[in-house]
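Let's take a walk through this model, one piece at a time. Keep the viewer open and follow along.

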Amino acid sequence: MENKQVLIDSLPEGKLKESDYKVVKSEVTKPKQGEVLVKTISFAITAGTRAGLQGSASYAGAPTTGIVMNSTGVGEVVESSDKNCPIGSKVLTQTGWQEYSVQSPNDLTVLREGVDPSLYLGPLGINGLTAYFGLLKVGQPKAGETVMVSAAAGSVGHMVGQIAKIKGCKVVGVCGSDEKCNKLINELNFDAAVNYKDANFRQNLKDATPDGVDVYFDNTGGMILGSALFRLNTGGRITCCGVVSQYDTNTPEPGPKGIPGLLVNKSIRMQGFLVFDFADKYNEATDEIIEWIQSGQFKVLTDEVDGLDEAPKGFVDLLAGGNIGTRIVNVST
Ligand SMILES: NC(=O)c1ccc[n+]([C@@H]2O[C@H](COP(=O)([O-])OP(=O)(O)OC[C@H]3O[C@@H](n4cnc5c(N)ncnc54)[C@H](OP(=O)(O)O)[C@@H]3O)[C@@H](O)[C@H]2O)c1
C-alpha cells in the first residue's frame, strides 16, 4: 500500500516557501506488535510549527530535513492488535503531513463518540486547549475586565476572544485586515477589533481600550506586544502564548522596549506557558468547551484546504495571514 508524504526538503532561508517541501510516495510501514496504523482524515496547519523550523526559538529542538512535516491530525485506525484502540477507532495524534502513520497507542487520544472529529483540530484540540488554559489559568480574567488578544482572527485567537466573552469580559482583538476585524465584531461578538497594519494602529488601539487592558493574550510578540504594554492597567497580566511575528524569518527582532520598567511600575505579571503544562486537566476543559459549542455560545471557525499537495501552499499563506480560524487540510474522507 502506498503512503503519500510531505517532507521538509530544506530549512527556510528567510520566509518559508512551498519549495521547502517535497511530496514523495513510499510503501506504508507495517506496524509492529502493539503498534497501530492510522489513516489520516485531516490535520491542522498551525503557526507554532514554523517555530519548529527555526530551531532555537522552539521547545521542539533542532530542525531537520528529510522528515515528514509535523502536525496534529485526526485519523482512523486501520490496523491494530490493541484492544483499547480497535480498527475503526477515530483518534487524535501526531499524524504529520502524510496519508498513513504508525503510532503507539500511548500517543493516541481516542475521540469521544458522537463528536465531530474536526472539532479535535480546533476547539477540542491543541489550539482550543491553548486558548482555554492560557486565558483562564494564566491570564485569569475577571468579569468586567478588558481582554486584548493578538492574531485574534487566527485559530487560538478567535477562541481566546470567545472564551473571554463567555466569562463576561470586554474583548478587543488585534489582527491584520479590516475584513477580519469586521468578522470578529459581527460574527464573534468582539467589542472592538483593530487592524495592526493600519498607520494609526497605536491611536486606534488606545481608542478601542478606553479603560486600559487587564489581560493581554500575546500570540505575536513584536510591535503589538510593545503597544499592549502601554495599554496595560496596574495589576495587569500578559499571557505569552507565542511569537508569530518573529517565526517566518531568520532574523527575529529583539523584544520590545519597556520590559521590565513598565512591568515593575504597574505590577504587571508576564507569564509564558505551554499547553502541555495542563495535560492533566484536558478532560475537564473538553467537557466545558463541548457545552459551549452545543449551547451556541461558541462558534467554530475553520478554514479548509483539500488535499495533501496543498499543505505547503496553505502553510505559506497562513503565515501571511490568509486564514480565518483554524486551517485544516482534508486528506481523506
Ligand atoms: N504556548 C502554547 O502551548 C501554544 C500552543 C499552540 C499555539 N501557540 C501559539 O499560538 C499562536 C497562534 O497560533 P495559531 O496556530 O492559532 O496560528 P493562527 O493565529 O491561526 O495563524 C497565524 C496568524 O498570525 C498572524 N500573523 C502573521 N504574521 C504576523 C505578524 N508579523 N504580526 C502579527 N500577526 C501576524 C496572521 O494573521 P493576521 O492577518 O492577523 O496578520 C496569521 O493568520 C502562535 O504564536 C503559536 O505559536 C502556543
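Before we start, one bit of vocabulary: two strands pair if DSSP finds at least two bridges between them. Also keep in mind that this is a predicted model.

Start with strand β9, residues 170-175. It has a partner on each of two strands, so to speak, and we can take them in turn. Strand β8 (residues 146-150) pairs with β9 in the parallel sense, over five bridges. To find the register, look at Met148, whose bridge partner in β9 is Val172. Then there is strand β10, residues 192-195, which pairs with β9 in the parallel sense over four bridges. Here Cys175 is a handy marker, since its bridge partner in β10 is Asn195. As for how covered β9 is, five of its six residues are buried.

Now for the connections. β8, helix α3 (residues 155-166) and β9 make up a right-handed β-α-β unit. β9 also takes part in another right-handed β-α-β unit, this one with helix α4 (residues 178-188) and β10.

Next, turn to helix α2, which covers residues 126-139. How many of its 14 residues are buried? The count is 12, so the helix is mostly covered under the 20% relative accessible area cut-off for buried. Among the buried ones are Asn127, Leu129, Tyr132, Phe133 and Val138. What do they pack against? The buried residues of α2 pack against β8 and α3, which we have already met, and also against β11 (213-218), β12 (232-240), β13 (269-272) and α8 (282-294). Just after the helix comes Gln140, with a positive phi near 50 degrees.

One link between α2 and α3 can be followed down to the side chains. Ser155 sits in helix α3, and a polar contact of 2.9 Å joins its side chain to that of Asn127, one of the buried residues of α2. Ser155 counts as buried because its relative accessibility is 11%, where the cut-off is under 20%. Leaving aside residues up to four places away in sequence, Ser155 touches Asn127, Asn323, Gly325 and Thr326.

That list brings us to Asn323, found in the loop between α9 (311-319) and β15 (326-330). Is this loop residue buried or exposed? Asn323 has 7% relative accessibility, so it counts as buried. Again leaving aside residues up to four places away in sequence, Asn323 touches Ala153, Gly154, Ser155, Lys180, Asp303, Asp317 and Leu318.

Technical notes:
Residues numbered from 1 in each chain as written. Predicted model: local features only at pLDDT ≥ 70, side-chain atom pairs only at ≥ 80, totals over all residues. Heavy atoms only, no water. Buried < 20%, exposed > 50% of the residue type's maximum accessible area, 1.4 Å probe, protein only. Right-handed = clockwise from strand over helix to strand, strands pointing away. Contact = heavy atoms within 4.5 Å. Polar contact = N/O pair within 3.5 Å; in protein donor to acceptor, adjacent residues only side chain to side chain.
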